[in-house]
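Please walk me through part of this fold. Start with the strand pairing, then turn to a single side chain and its surroundings.

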Amino acid sequence: MMSRMKPFVVLFLFALSAAMAQTPEAGRRLFESSCVACHGGDGAGGEHGPAIIGRIGALSDADITTTVGGGLPLAGMPAFKLAASEMDELVAFLRTLRPKPGHGLTSKTIEMVDGKKLEGAVLNETIDDLQLQTTDQRVHLLRKSGAKYREVTSQTDWPSYNGETRGSRYSKLSQINRINVKKLAPKWEVTLPHTAPLEGTPVVVGGIMYMTSANECYALDAGTGREIWHYQRPRTRNLTGNASGGINRGVALAGDRVFMATDNAHIIALNRFTGDLLWETEMADWHLNYNATSAPLIVGDLVVQGSAGGDEGVRGFLAAFDQATGKEVWRFWTVPKAGEPGSETWQGSDIEHPGSVAWFTGSYDPDLNTVYWQTGNPGNDLNGDQRGGDNLYSCSVVALDAKTGKLKWY
């Protein structure tokens, strides 16, 4: 199905459903004619393409259709123009693929330095270190200590774009100081293929580093740089705005979930140990020029995300979503509609396309239960003839009640 395909790019076949009573023969024939040369007859990988049965539940039928139909040109995967009925047949067959007995991850039991035993599936292993995933899906980063292992983690986590929700970007760690900082040297490096210039802040929790580009998230062993998992979906075609160039500024973590925005203004939650998609919520219709680039912010049991697209004439907002379900809890519009309080600060027709997007990550004070967010410039960017007045709440800091999203002050 793909030429020159690298192992990290394919997600479109990973979803797995209940076994079907009969193998869809028409779909099998399509798979054999288009996919086997790269992915092998059982989907377990071939000379030119990776295994497609190694991950489960990543994408919906619609996502599979989009990827097969559009291809992954940056990774060497061509588009396959199939009729709708043929695509349905192919997807139906892909749902029947199962690992063969003995195929998959190796199980291993190791002894820790404290004498305890740890058993799990081997994700990666070298002579010095081991990534072990236990039955609860948690990933354990282990280092050799003689014949035994010790577990490594973060001394202090950095779970969001600014480190902690107040936005100080301050660490209390003292091992590195102004005297010895000159001794720092590179330990490892990782290349993120097919990316725009990176604008994200790496986030580290429990020894695992999370780094993003547009519609991609990497989970790495922060001590070695070795990949644990990689989530990817196709970029949105015909998108406008900065996200169309591949910009994504990172993730936020809470519990076992990783939250990030997609280029087409959706917010998603991934399992932080496996990369599996847990939920997805559309924040705005990208056909109306919305996109998203910033890292989310954890606010109690909510996750807050702002929009982008101000230069393309959208109406700015930030919204809060339930971490467990993705359900929207509140939304604050950064520009009132015509006739609403505050609209008198817009004198002219540009209030219909006002900009003022909340495109950069804000901060949260849990003691005051207040969200602080900075808003962007009003539109039209270069000609203010149709936007006289103060143009609230553009070019502002807004303080919102974290529970309701109601404006406290600006």
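In this predicted model, strand β3 (residues 129–133) and β4 run antiparallel, joined by five bridges. Gln133 marks one of these pairings: its bridge partner in β4 is Val139. Between the two strands of this hairpin lie five residues. Gln137 takes a positive phi there, near 75 degrees.

The chain then continues through β4 to another antiparallel partner. Four bridges join β4 to strand β5 (residues 148–151). Here Ser145 stands opposite Lys148 in β5. The hairpin of β4 and β5 has two residues between its strands. One residue in the turn, Gly146, has a positive phi of about 70 degrees.

So β4 pairs with β3 and with β5. How enclosed is strand β4 by the rest of the structure? Five of the seven residues in β4 (residues 139–145) are buried, so the strand is largely enclosed.

Now move along to strand β7 (residues 208–213), which holds Thr212. Is Thr212 buried or exposed? Its relative accessibility is 2%. The cut-off for buried is under 20%, so Thr212 counts as buried.

What does the Thr212 side chain reach? It makes a polar contact with the side chain of Asn248, at 2.6 Å. The Thr212 side chain also reaches the backbone nitrogen of Gly250, at 3.2 Å. Leaving aside neighbours within four places in sequence, the contacts of Thr212 include Asn248, Arg249, Gly250 and Val251. Leu192, Leu198, Cys217 and Met260 are also among them.

Technical notes. Residues are numbered from 1 along each chain as its sequence is written. This is a predicted model: local features need pLDDT of at least 70, side-chain atom pairs count only at pLDDT 80 or more; totals for chains, interfaces and linings use all residues. Side-chain values use heavy atoms; hydrogens and water are left out. Buried means under 20% relative accessible area, exposed over 50%, partly exposed in between (1.4 Å probe, protein chains only). Two strands pair if DSSP finds at least two bridges between them. A polar contact is a pair of N or O atoms within 3.5 Å; within protein, one must be able to donate a hydrogen and the other to accept it, and residues adjacent in sequence count only if both atoms are side-chain atoms. Contact means heavy atoms within 4.5 Å.
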